[in-house]
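Q: I am new to this structure. Please take a close look at one part, the interior, and walk me through what is packed there.

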Amino acid sequence: MKVSVYCFVYNHEKYLRDALEGFVNQNTDFEYEVIVHDDASTDKSADIIKEYEKKYPQIIKPIYQKENQHSKNVDIFKTFILPRMTGEYVAACEGDDYWTDCEKLKRQIDFLDNHREYSACVHNTMMLNYFNKTENIMYPQIGDHDIPIADLLVNGGYSYHTSSVVYRIQYAKKRPDFFNKAKGYGDYPLAIYLGFSGKVRFLDYVMSTYRYGSENSWTVRMKKVTTDNQYEGVVASKIEMLK
């Protein structure tokens, strides 16, 4: 298995087929798996996952929760997903976002296989803004480049979107303890951690779409987190990585 993809799902019935289609339509010369974690959705998300599991059993590897784990403050990635990963690389995409290029994984894996000094490879993303009904490329006319560590420290996960990241499995297995302090901000400490672990390459292909502000999206959920908790998580990430 070359790549283990993980996908968090909770009441994403409206959007989930786009995500699953983006996964199963990848054009690769290697094997990959998609671990889809449904956190006890109350809509028809689980039924949609089961449909794709039956049609693509070699790719879709689901986890169905009977009780919501996020509400119990469980680290879903570490507890349920990571132990099932068998790939050399890790990729991510939440259930309300989706991949738009069937060559996405191949391009990123080809780059990482040939550049061992890089910890991760990311790419450009289209943003659908549900608040103001606009559609924009997140990083226009930026070109292929290495993301400076200074940018990752200042911008963290805003240097690229999570749906674009592919990184080496060892960085998933050796996550520092400060990830536990940055509750709700897993993309921010991950971006900093990957930047300190090696180079991060940005490919200027638009290969995923981010639904900003959609129902049950990360954006909407994080509006429920207090400003103090957000600040504490971000500061903890910076301090721990600079020690």
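A: The largest cavity has a volume of about 30 Å³. This comes from a predicted model. The structure holds one cavity of 30 Å³ or more. Gly157, Tyr160, Thr162, Val165, Asp187 and Leu190 line the largest cavity.

Now to the packed residues. The largest nonpolar core has 32 residues. Within this core, the members that touch the most others are Val3, Leu20, Phe23, Val34, Val36, Ile60 and Leu105. Many parts of the chain feed this core. Among the strands, at least two residues each come from strand 1 (3-9), strand 2 (32-38), strand 4 (89-92), strand 5 (98-99) and strand 6 (118-129). Helix 1 (16-24), helix 2 (45-55) and helix 4 (104-114) also supply at least two each. Helix 1 gives the most, with five residues. In general, nonpolar side chains tend to be buried together in soluble globular proteins.

Take Val3 as an example. Leaving out residues up to four places away in sequence, Val3 touches Phe30, Glu31, Tyr32 and Glu33. Val3 also touches Gly87, Glu88, Tyr89 and Ala91, along with Leu105 and Ile109. Apart from the largest core lies another core, of 29 residues. Its members include Met85, Val122, Tyr193 and Phe202.

Next, the rings. There are ten aromatic pairs, counting rings whose centres lie within 6.5 Å. One of these pairs deserves a look: Tyr6 and Phe77. Their ring centres are 4.8 Å apart. Their planes meet at 55°, so the pair is tilted. The cut-off matters here: over 60 degrees would count as edge-to-face, and under 30 as stacked.

This pair links distant parts of the chain. Tyr6 belongs to strand 1, while Phe77 belongs to helix 3 (residues 76-81). The two are 71 residues apart. Are these residues buried or exposed? Tyr6 has 9% relative accessibility, so Tyr6 counts as buried. Phe77 has a relative accessible area of 5%, so Phe77 is buried too. The limit for buried is under 20%. Phe8 joins in as well: Tyr6, Phe8 and Phe77 form one aromatic cluster.

Rings also meet charges. The charged end of Lys104 sits over the ring of Trp99, 4.7 Å from the ring centre. Arg107 lies over the face of Tyr205. There, the distance to the ring centre is 4.0 Å.

Conventions:
Residues are numbered from 1 along each chain as its sequence is written. This is a predicted model: local features need pLDDT of at least 70, side-chain atom pairs count only at pLDDT 80 or more; totals for chains, interfaces and linings use all residues. Side-chain values use heavy atoms; hydrogens and water are left out. A nonpolar core is a set of buried Ala, Val, Leu, Ile, Met, Phe, Trp, Tyr and Cys residues joined through side-chain atoms within 4.5 Å. Buried means under 20% relative accessible area, exposed over 50%, partly exposed in between (1.4 Å probe, protein chains only). Helices (H or I, at least four residues) and strands (E, at least two) are DSSP runs, numbered from the N terminus. Contact means heavy atoms within 4.5 Å. Rings of Phe, Tyr and Trp (its six-membered ring) pair if their centres lie within 6.5 Å; planes under 30 degrees apart count as stacked, over 60 as edge-to-face and the rest as tilted. A charge sits over a ring if NZ of Lys or CZ of Arg is within 6 Å of the ring centre and within 35 degrees of the ring normal. On a 1 Å grid over the protein atoms alone, a cavity is a set of points where a 1.4 Å probe fits but cannot get out, and a pocket is an open set with protein on both sides within 12 Å along at least five of seven lines; lining residues have an atom within 4 Å of a point. Grid points are joined across faces, edges and corners, and a volume is the space filled by probe spheres set on the points.
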